[in-house]
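Subject: Structure for your attention

Dear colleague,

Please find below the structure that I am handing over to you. I would be grateful if you could keep it open while you read the notes that come after it.

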Amino acid sequence: FITLIVAIVLLIIGIANPQVGSKLEKTEQKGVDIIIALDVSNSMLAEDIKPNRIERARQAVSRFIDRLGNDRIGLIVFAGKAYPMLPLTSDYAAAKMFLSNADNSVVSTQGTSIADAIDLAIQSFPQGQQGKALIIITDGEDHEGEVMKKVEEAVSKGIVIHAIGIGSPQGVPIPLYRNNVRVGFRTGNDGQTVITKLNEPMLQQIAHAGKGAYVLASNSQFGLSSIYEKINKMEKGEF
């Protein structure tokens, strides 16, 4: 009787075909490849947008990532030069982790080169694929030039460029902190206080030529929600 019971149990287990371990399976999904180009120059430390421009931008991008589904996200930071911080990925947890470290300490060259950021984005997108969007978040104080030439190159490769302007067109000083205590404002080589102004006309021109949208960020609305709606309507790529 015991032998019969054991045989039946083993037969049931055999029919169930239990398996142990894991396997890698290749799947296809459709979505948009999105690269965020975040300005981390010293001017982004201005506090006309609370708590400051760069922190407010990080908070907004983090919420933007929460809305993504089948899309891939990448991150570029730029100041005087552009640096790849995160390649295109659908690992949103990793994207938010890298985003939290995006500040002016990760760049070695100060300034603002939007052209360099666009050029790096062109290299970072896969060639010949549909659904590519670049979102530039900056105060628009470009000091390097050749921006529109790079915008035209990006558009020719199927990249849609959106721009978010962050800051005050009237201009504000950049606070200087030591041990979390404000000790004054940043000054230039001439000893005068540096005033950083939002360059809206340039960003509007970039977005128009890039077939995208321009949004002015404020303390109440950052603008990524409206851009997300436009991206969500784009033709999707397969990866």
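The notes below deal with one arginine, two pockets and a few points of the backbone.

Please bear in mind that this is a predicted model.

Arginine 56

I begin with arginine 56, which sits in helix α2, a helix made of residues 53-67. Is this residue buried or exposed? Arginine 56 is buried, and yet it forms no salt bridge. The nearest side chain of opposite charge belongs to glutamate 55, at 9.1 Å, whereas a salt bridge calls for a distance within 4 Å. Which residues, then, does arginine 56 touch, if its neighbours within four places in sequence are left aside? Its contacts are Ile49, Lys50, Pro51, Arg63, Ser218, Asn219, Ser220, Gln221 and Phe222.

The second largest pocket

Arginine 56 also belongs to the lining of the second largest pocket, whose volume is about 170 Å³. Among the other lining residues are Arg63, Ser220, Gln221 and Phe222, each of which is also in contact with arginine 56. Helix α2 supplies the largest share of this lining, with five residues. Together with α2, helix α7 (224-232) gives two or more residues. By character, the lining consists of four nonpolar, four polar and three charged residues.

The largest pocket

The largest pocket has a volume of about 280 Å³. It is lined by 14 residues, and those closest to its centre are Asn42, Ser43, Gln110, Ile174 and Val194. Here the lining comprises three nonpolar, nine polar and two charged residues.

The backbone

Where is a cis peptide bond found? The bond from lysine 50 to proline 51 is cis, and its omega is near -5 degrees. Proline 51 is placed in the loop between β2 (33-39) and α2, and both lysine 50 and proline 51 appear in the list of contacts of arginine 56.

Two asparagines also deserve your attention. Asparagine 17 has a positive phi of about 55 degrees, although it is not a glycine. This residue lies in the loop between α1 (2-16) and β1 (30-31), and it is partly exposed, with a relative accessible area of 49%. Asparagine 180 likewise has a positive phi, near 65 degrees. Its place is the loop between β8 (175-178) and β9 (181-185), where asparagine 180 is exposed, with a relative accessible area of 77%.

Yours sincerely,
A colleague

Key:
Residues are numbered from 1 along each chain as its sequence is written. This is a predicted model: local features need pLDDT of at least 70, side-chain atom pairs count only at pLDDT 80 or more; totals for chains, interfaces and linings use all residues. Side-chain values use heavy atoms; hydrogens and water are left out. Helices (H or I, at least four residues) and strands (E, at least two) are DSSP runs, numbered from the N terminus. Buried means under 20% relative accessible area, exposed over 50%, partly exposed in between (1.4 Å probe, protein chains only). Lys and Arg count as positive and Asp and Glu as negative; His and the chain ends are not counted. Contact means heavy atoms within 4.5 Å. On a 1 Å grid over the protein atoms alone, a cavity is a set of points where a 1.4 Å probe fits but cannot get out, and a pocket is an open set with protein on both sides within 12 Å along at least five of seven lines; lining residues have an atom within 4 Å of a point. Grid points are joined across faces, edges and corners, and a volume is the space filled by probe spheres set on the points. Ala, Val, Leu, Ile, Met, Phe, Trp, Tyr, Cys and Pro count as nonpolar, Asp, Glu, Lys and Arg as charged, and the others, Gly among them, as polar.
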